[in-house]
Amino acid sequence: MLYLQEIRKNPDGLAFEQGFDLTQELQVRNPEILNVQDIFASGRVQYEDGLYFLDYDLSYTITLASSRSMEPVEFKESYLVNEIFMEEGQAASKDMIDQDLVLPIENGEINVAESVDDNILLHIQLKILKA
């Protein structure tokens, strides 16, 4: 969890490096996932002009069933994630949130684990083929 008060106190932003164990959460949301391991996020969150910028490198190994043979196939993934958050109640927040330009902040914190979870699910390939 990254707390908004801590982020605003640091004009250069807050750096973080964190490993996650999200296999069960991911499998509940997508039963096709056989395993996810070595989930690691390293990045920074900054506050500027009412917006919170979350930028991090995400890496993990995901195991899915092959579309043809149903045999397990492991993929090593690594990519950059960029998300923009805004507190609800600000002048332009409702419009920007409704247009999916920014993500809403809940309970005064940015949940990095939730961001990681969502981004892993968004990057799952539709067809998994074993070489």
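A cavity here is a set of grid points where a 1.4 Å probe fits but cannot get out. Keep that in mind for the second half of the tour. The model on screen is predicted.

**Whole chain**

Start with the cartoon view. The chain holds 4 helices and 7 strands. Read from the N terminus, the order is β-α-β-α-β-β-β-α-β-β-α. Now colour by accessibility. Of the 131 residues, 39% are buried. Switch to the surface. Its accessible area is about 8200 Å², and carbon and sulfur atoms account for 47% of that. For a contact map, take pairs at least 6 apart in sequence: 61% of those contacts join residues at least 24 apart.

**Helix α4**

Select residues 112-122, which form helix α4. Which residues of α4 are buried? They are Val112, Ser115, Val116, Asp117, Asn119, Ile120 and Leu121. The list includes Asp117 and Asn119 alongside Ile120 and Leu121.

Go to the start of the helix. Show the side chain of asparagine 111. One of its side-chain oxygens comes within 3.1 Å of the backbone nitrogen of alanine 113.

**Serine 115**

Stay in α4 and pick serine 115. Why does serine 115 count as buried? Its relative accessibility is 4%, and the cut-off for buried is under 20%. Now draw a distance to glutamate 83. The two side chains make a polar contact at 2.7 Å. Show the other neighbours too. Leaving out residues up to four places away in sequence, serine 115 touches Leu54, Tyr56, Val81 and Glu83.

**The cavity**

Next, look for enclosed space. Rolling a probe the size of a water molecule over the atoms shows where empty space is left. How many cavities of 30 Å³ or more are there? The count is 1. The largest cavity holds about 50 Å³ of space.

Select its lining: Tyr60, Ile62, Leu64, Phe75, Glu77, Ile120, His123, Ile124 and Gln125. Ile120 is also among the buried residues of α4. Colour the lining by class, and you get 6 nonpolar, 2 polar and 1 charged. Then colour by element. Strands β4 (51-65) and β5 (72-87) each give at least two residues to this lining. The largest share is from β4, with 3 residues.

**Phenylalanine 75**

Pick phenylalanine 75, one of the cavity-lining residues. This residue sits in strand β5. Is phenylalanine 75 buried or exposed? It is buried, with a relative accessible area of 18%. Add isoleucine 124, another residue of the cavity lining. Phenylalanine 75 and isoleucine 124 are 49 residues apart along the chain, and their C-alpha atoms are separated by 9.9 Å.

**The largest pocket**

Last stop: open space. The largest pocket has a volume of about 270 Å³. It is lined by 14 residues, and the closest to its centre are Phe85, Pro104, Glu106, Asn111 and Glu114. Which elements give two or more residues to the lining? They are β5, β6 (103-105), β7 (109-110) and α4. By class, the pocket lining splits into 6 nonpolar, 3 polar and 5 charged residues.

Keep Asn111 selected. This residue is one of those closest to the pocket centre, and its side chain is the one that reaches the backbone of alanine 113 at the start of α4. Strand β5 links the two sites as well: it contributes at least two residues to the cavity lining and two or more to the pocket lining.

Terms used:
Residues numbered from 1 in each chain as written. Predicted model: local features only at pLDDT ≥ 70, side-chain atom pairs only at ≥ 80, totals over all residues. Heavy atoms only, no water. Buried < 20%, exposed > 50% of the residue type's maximum accessible area, 1.4 Å probe, protein only. Contact = heavy atoms within 4.5 Å. Areas by Shrake-Rupley, 256 points an atom, 1.4 Å probe, with all protein chains shown as cover. Polar contact = N/O pair within 3.5 Å; in protein donor to acceptor, adjacent residues only side chain to side chain. 1 Å grid on protein atoms, 1.4 Å probe; cavity = no way out; pocket = protein on both sides within 12 Å on 5 of 7 lines; lining within 4 Å. Points joined across faces, edges and corners; volume = space filled by probe spheres on them. Nonpolar A, V, L, I, M, F, W, Y, C, P; charged D, E, K, R; others polar.
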